[in-house]
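Welcome! Please take a moment to look over the sequence and the structure shown here, and then read on for a short guided tour.

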Amino acid sequence: MIYVGIDDTDTLDDPGTNQLARHLVRELAGQYRGRMIVRHQLLEDPRVPCTKKNGCASILFEPVSASDATSKDLSPPLGGEGPGEGGTATLINALRDLIIPWCPKASDPGLCVASQVPESVINWGLRCKRELVTQAEAHNIAIDAGIHLEGLGGTEDGVIGALAAIRLMATKNDGRVVHFGSAAQDWYDVTGCLEIEDILNRGVEVVRTINSEELVTRGTVDVGKRLRPNYRHGQVVLYVTPRDAATWEAARVT
């Protein structure tokens with residue numbers, strides 16, 4: 001598995017970072033399988049330059065030559081052995097070639113790629129969610145950890161969120177899943193009311209109430225414009241609130 005983080009890839013008048021992430025999954029499908037895309041919320045503060053809300057995106061890629069994982073655990077553990085920079089070099093070049101022409105001139109894109117997320121990166125993602133940080137800090141952390149991090153245009157401020165994205169993905173406990181399935185079909189590109197059985201057949205592992213986290217196994221859920229579960233405790237979880245005795249409404253959780 002290879003972690004990819006991207007951020008600051010758009011402007012108000014252009015497709016957002018989540019759409020770029022889906023584009024990367026589609027374009028690289030012949031070489032890498034995009035296991036999931038997760039959107040992470042970072043610090044919202046007037047001093048932080050961002051397009052709308054200060055979010056970044058992580059993608060979990062798997063080389064297509066690798067055997068299909070049989071475990072429900074979708075991402076590798078923190079630390080441990082990995083293919084290293086050499087094993088990700090081809091993917092880095094392919095990502096760069098796709099991201100640069102996609103991003104408008106006024107954007108400040110950043111790209112981060114890692115086959116593992118060392119302990120030294122652990123605090124970075126959490127800091128980006130609650131305090132102001134700098135490009136210099138991001139680069140220093142990436143260099144010390146042996147992680148590929150680069151700016152691809154503009155001010156290159158996107159390196160901050162790109163590094164945060166891979167860290168937050170690696171926790172298996174942050175963000176909203178915005179793509180799950182295959183390059184050809186996004187299982188979460190559905191709208192309206194779905195039976196819970198159908199939701200569970202789309203890669204959502206459990207449905208829980210937002211307040212008590214009680215397990216919900218029956219009924220219909222209004223998912224809204226798109227199915228948007230969360231990545232929590234190593235599981236893809238859809239949180240819901242009750243509408244009536246047999247109907248639930250999906251809760252939008254960052």
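The report below goes from the whole chain to some of its parts.

## The chain as a whole

What you see is a predicted model. Its protein chain has six helices and 12 strands. Of the 254 residues in the chain, 52% count as buried.

How do contacts spread along the sequence? Among contacts in the protein chain with a separation of 6 or more, 73% are between residues 24 or more positions apart.

## Two helices that pack together

A good place to begin is the pair formed by helix H4 (residues 135-145) and helix H5 (residues 158-170). Two packed helices are described by the angle between their axes and the distance between the axes. Here the angle is about 45 degrees, and the axes of H4 and H5 are 8 Å apart. Angles from 35 up to 65 degrees count as oblique, and H4 and H5 are therefore oblique to each other. The crossing in which H4 passes H5 is left-handed.

Which residues make this contact? On the H4 side they are Gln135, Ala138, His139 and Ile141, and on the H5 side Val159, Ile160 and Leu163. Sorted by type, the residues of the contact of H4 with H5 are five nonpolar, two polar and no charged.

## Two buried helix residues

Gly125 has its place in helix H3 (residues 122-130). With a relative accessible area of 0%, Gly125 is buried. Leaving aside residues up to four places away in sequence, Gly125 touches Ala164, Arg167 and Leu168. The C-alpha atoms of Gly125 and Leu163 are separated by 7.5 Å, while the two residues are 38 residues apart along the chain.

Thr88 is found in helix H2 (residues 84-102). Is Thr88 buried or exposed? Its relative accessible area is 2%, and buried means under 20%, so Thr88 is buried. Not counting residues up to four places away in sequence, Thr88 touches Ile2, Val113 and Ser115.

## A cluster of aromatic rings

How many aromatic pairs does a search of the whole structure find? The search finds three. One of them joins Phe180 and Trp187, a tilted pair with 5.5 Å from centre to centre and 45 degrees between the planes. Phe180 also pairs with Tyr188: the ring centres are 5.7 Å apart and the planes lie at 25 degrees, so this pair is stacked.

Ring pairs thus link Phe180, Trp187 and Tyr188 into a cluster. Phe180 is buried, with a relative accessible area of 11%, and Tyr188 is buried too. Trp187, by contrast, is partly exposed, with a relative accessible area of 31%.

## Two loop residues with positive phi

Most residues other than glycine have a negative phi. Against that background, two residues are worth a look. Glu156 has a positive phi, near 65 degrees, and is a residue other than glycine. Glu156 is placed in the loop between strand E5 (148-151) and H5. At 30% relative accessibility, Glu156 counts as partly exposed.

Lys172 is not a glycine either, yet its phi is positive, at about 60 degrees. The loop between H5 and strand E6 (176-180) is where Lys172 is found. Unlike Glu156, which is partly exposed, Lys172 is buried, with a relative accessible area of 16%.

Technical notes:
Residues numbered from 1 in each chain as written. Predicted model: local features only at pLDDT ≥ 70, side-chain atom pairs only at ≥ 80, totals over all residues. Heavy atoms only, no water. Helix = DSSP H or I, 4+ residues; strand = E, 2+ residues; numbered from the N terminus. Buried < 20%, exposed > 50% of the residue type's maximum accessible area, 1.4 Å probe, protein only. Contact = heavy atoms within 4.5 Å. Phe/Tyr/Trp six-rings, centres within 6.5 Å; stacked < 30°, edge-to-face > 60°. Axes fitted to C-alpha atoms, helices over the stretch in contact; angles between N-to-C directions. Parallel < 35°, antiparallel > 145°, perpendicular 65-115°, else oblique. Left-handed = near helix turned anticlockwise from the far one by under 90°. Nonpolar A, V, L, I, M, F, W, Y, C, P; charged D, E, K, R; others polar.
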